[in-house]
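Here's a set of exercises to work through with the model open in your viewer. Try each task before you read the solution below it.

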Amino acid sequence: MRALLSVSDKTGIVELAQALHEAGIELISTGGTEVALIAAGLPVKNISAVTSFPEMLDGRVKTLHPLVHGGLLGRRDLDSHVEQMRDHDIEPIDYVVVNLYPFKQTIAKENATYEEAIENIDIGGPSMLRSAAKNHASVTVVVDPADYGHVAEAVRAGGTTFETRQRLATKAFRHTAAYDALIADYLGQQIGETFPEQLTVTYEKVQDLRYGENPHQQAAFYKTPLYHGMTLANAKQLHGKELSYNNIQDTNAALEALSELTEPAAVVVKHMNPCGVAVGETISQAFSRAHAADPVSIFGGIVALNREVDVETAEALRNIFLEIIIAPSFSEAALDRLKEKKNLRLLTLDMGQMTGMRLTAVAGGLLVQDGDDVTLDDASCQIVTDRRPTASEWEDLKLAWRVVKHVKSNAIVVAKDETTIGIGAGQMNRVGAAKIAFEQAGERAQGAALGSDAFFPMGDTVEAAAAAGITAIIQPGGSIRDEESIEAANRHGITMVFTSVRHFKH
């Protein structure tokens with residue numbers, strides 16, 4: 001029996017090769033792998049001794065040869081294959097241990113050139129993996145060093161079973177598919193393609209989850225390779241229980257809202273909707289305001305902060321039942337205090353922006369769009385009423401506008417003094433969402449600002465806002481009945497800004 005070993009990652013390869021050699025299996029290898037095996041004292045045959053053909057074109061051609069692929073693809077249960085292999089002096093290859101040129105690691109480098117990326121596209125390796133995997137009835141293909149120990153044990157016990165070979169073949173095809181997906185994505189970026197005729201995406205498992213959205217659903221968490229934006233997949237968990245499916249969804253929603261804010265800010269999320277958002281001069285002040293925004297809904301919620309958690313903030317946090325606190329860092333004293341709550345999940349993450357396309361699964365398909373990344377600076381703001389906003393109203397309007405884009409539609413956000421004081425989320429009509437926000441705000445709505453994710457189809461929302469005490473409104477505009485809303489705002493002395501930008505969120 002023969003084994004072909006050619007790996008870029010040398011982890012564990014000597015130990016596996018030793019097990020193969022001790023089982024009487026001949027070792028064939030190339031390049032750096034051959035050097036490593038020889039240095040370990042193992043007998044190795046160079047691939048050129050098998051093919052009688054030299055490695056050429058700077059290593060681009062060394063295993064692409066009938067004596068290699070015939071040995072991998074030839075079926076041992078077909079007399080015609082066996083006869084052809086004998087006629088052409090093709091000897092079977094029974095084990096293939098290959099991992100590929102480090103394409104992902106190459107393009108991850110900050111200053112990687114296009115030429116470097118192209119040179120790190122492996123051709124021979126995927127070809128061998130696919131050949132071996134196709135013929136897994138007879139050939140064992142190993143692509144992951146994590147499987148070396150199991151394969152070595154099987155070899156010592158007399159060989160791999162069909163079930164093992166089938167599992168490893170499946171893994172090999174996944175590996176080459178993911179490798180090709182990265183290459184296709186990289187090349188697509190180079191030529192500026194956004195929505196290609198075939199979308200090839202790949203994800204890497206972060207962890208299995210206890211269950212999905214509900215206990216009867218199975219789930220796992222995957223991440224995008226080489227994602228350059230802020231992502232929970234890169235967070236470090238310092239304390240607490242394992243993250244759940246709903247934890248991940250809610251924390252992602254909190255991070256999306258937090259990414260809008262550069263000043264010290266706190267975001268509280270429950271069921272993927274913000275229930276309290278505030279900014280302040282310090283992170284302690286921001287959290288105190290966010291908590292006061294809705295002290296009921298925060299129970300069992302997610303808190304995201306964009307500054308280090310100090311001991312003052314920790315004291316306020318520990319007095320509330322929370323699922324997760326995520327921040328750039330925790331002071332040592334703050335961490336000690338919060339760790340007293342054994343189930344509270346504490347995570348750190350470098351804060352920034354979320355980038356890239358947004359993917360949404362539908363039955364039998366996938367919706368793809370770019371992110372809702374428009375800022376107020378990008379919007380074509382127009383004051384459409386007789387009265388202009390005051391300086392303090394502008395600040396509240398900006399906060400309401402930045403938050404409402406992260407609230408499920410139909411959405412209304414009421415803000416005052418750098419804090420949300422009422423949020424109406426996910427309603428089937430806009431005035432209904434407004435009434436929920438006004439009810440939550442109560443007397444605090446006097447002199448507050450209102451943000452809407454979409455235009456007012458008629459003037460009833462402005463009338464309800466005036467009755468609640470709202471003095472400033474920001475909304476996209478664009479309804480055929482805009483004049484009705486403008487007239488109502490002028491009649492009640494409300495200032496209103498049109499942005500021409502809608503923020504539906506489903």
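Met 357 sits in strand β14, which covers residues 357-362. Keep in mind throughout that this is a predicted model.

**Exercise 1. A nonpolar patch**

Task: Start from Met 357 and work out which residues form a nonpolar patch on the surface with it.

Solution:
- Step 1. Check the starting point. Met 357 has a relative accessibility of 34%, so it counts as partly exposed.
- Step 2. Gather the members. Along with Met 357, the patch takes in Phe 195, Leu 199, Val 201, Tyr 203, Tyr 222, Leu 359 and Leu 366.
- Step 3. Get the area. Together these residues offer about 720 Å² of accessible area.

**Exercise 2. Cysteines and disulfides**

Task: Find how many disulfides the model holds, then say whether Cys 275 is buried or exposed.

Solution:
- Step 1. Recall what you're looking for. A disulfide is a covalent bond that links the sulfur atoms of two cysteines.
- Step 2. Apply the cut-off, a pair of cysteine sulfur atoms within 2.5 Å. The count comes to 0 disulfides.
- Step 3. Look at Cys 275. Its relative accessibility is 8%, so it counts as buried.
- Step 4. Now take Cys 381. With a relative accessible area of 36%, Cys 381 is partly exposed.

**Exercise 3. The second largest pocket**

Task: Give the volume of the second largest pocket, and find which element gives the most to its lining.

Solution:
- Step 1. Start with the volume. The second largest pocket has about 850 Å³ of space.
- Step 2. Go to the centre. The lining has 25 residues, and Lys 104, Arg 174, His 175, Ala 178 and Glu 204 are the closest to the centre of the pocket.
- Step 3. Sort the lining by element. Those that give two or more residues are α6 (103-108), α10 (162-190) and β6 (204-209).
- Step 4. Pick the top contributor. That's α10, with 7 residues.

**Exercise 4. The enclosed space**

Task: How many cavities of 30 Å³ or more does the structure hold, and which residues line the largest cavity?

Solution:
- Step 1. Think about the method. A probe the size of a water molecule, rolled over the atoms, shows where empty space is left.
- Step 2. Count. There is 1 cavity of 30 Å³ or more.
- Step 3. Size it up. The volume of the largest cavity is about 40 Å³.
- Step 4. List the lining: Ala 257, Glu 260, Leu 261, Val 267, Val 277, Arg 402, Val 403 and His 406.

**Exercise 5. Salt bridges**

Task: Count the salt bridges, then place the partners of the one that Glu 26 forms.

Solution:
- Step 1. Take the total, which comes to 24 salt bridges.
- Step 2. Find the partner. Glu 26 pairs with Lys 45, and their closest N and O atoms are 3.2 Å apart.
- Step 3. Place both ends. Glu 26 is in strand β2 (residues 26-29) and Lys 45 in strand β3 (residues 45-46), so the pair links distant parts of the chain, 19 residues apart.- Step 4. Check exposure. Glu 26 is partly exposed at 29% relative accessibility, and Lys 45 is partly exposed at 30%.
- Step 5. Try a second pair. Glu 340 bridges to Arg 318, with the closest N and O atoms 2.6 Å apart. Because Glu 340 lies in the loop between α14 (332-338) and β13 (345-348) and Arg 318 in helix α13 (residues 311-318), the pair ties together parts that are 22 residues apart in sequence.
- Step 6. Add a third. The side chains of Arg 481 and Glu 484 meet at 2.9 Å, N to O. Arg 481 is partly exposed at 37%, and Glu 484 is partly exposed at 33%.
- Step 7. Look for shared partners. Asp 144, Asp 147, Arg 167 and Lys 171 are joined into one network by salt bridges.

**Exercise 6. Backbone oddities**

Task: Which residues does a cis peptide bond join, and what is phi of Glu 418?

Solution:
- Step 1. Set the baseline. Most peptide bonds are trans, and most residues other than glycine have a negative phi.
- Step 2. Find the cis bond. It joins Ser 409 and Asn 410, with omega about -10°. Asn 410 is in the loop between α15 (391-404) and β17 (412-416).
- Step 3. Turn to Glu 418. Its phi is near 65°, a positive value. Glu 418 lies in the loop between β17 and β18 (419-424), and it counts as partly exposed at 32% relative accessibility.
- Step 4. Finish with Ser 500, whose phi is near 65° and positive. Ser 500 belongs to the segment after β21 (495-498), and at 57% relative accessibility it counts as exposed.

Terms used
Residues numbered from 1 in each chain as written. Predicted model: local features only at pLDDT ≥ 70, side-chain atom pairs only at ≥ 80, totals over all residues. Heavy atoms only, no water. Buried < 20%, exposed > 50% of the residue type's maximum accessible area, 1.4 Å probe, protein only. Patch = residues over 30% accessible without salt bridge, like charges linked within 9 Å, V, L, I, M, F, W, Y side chains within 5 Å. Areas by Shrake-Rupley, 256 points an atom, 1.4 Å probe, with all protein chains shown as cover. Salt bridge = Lys/Arg side-chain N within 4 Å of Asp/Glu carboxyl O. Helix = DSSP H or I, 4+ residues; strand = E, 2+ residues; numbered from the N terminus. 1 Å grid on protein atoms, 1.4 Å probe; cavity = no way out; pocket = protein on both sides within 12 Å on 5 of 7 lines; lining within 4 Å. Points joined across faces, edges and corners; volume = space filled by probe spheres on them.
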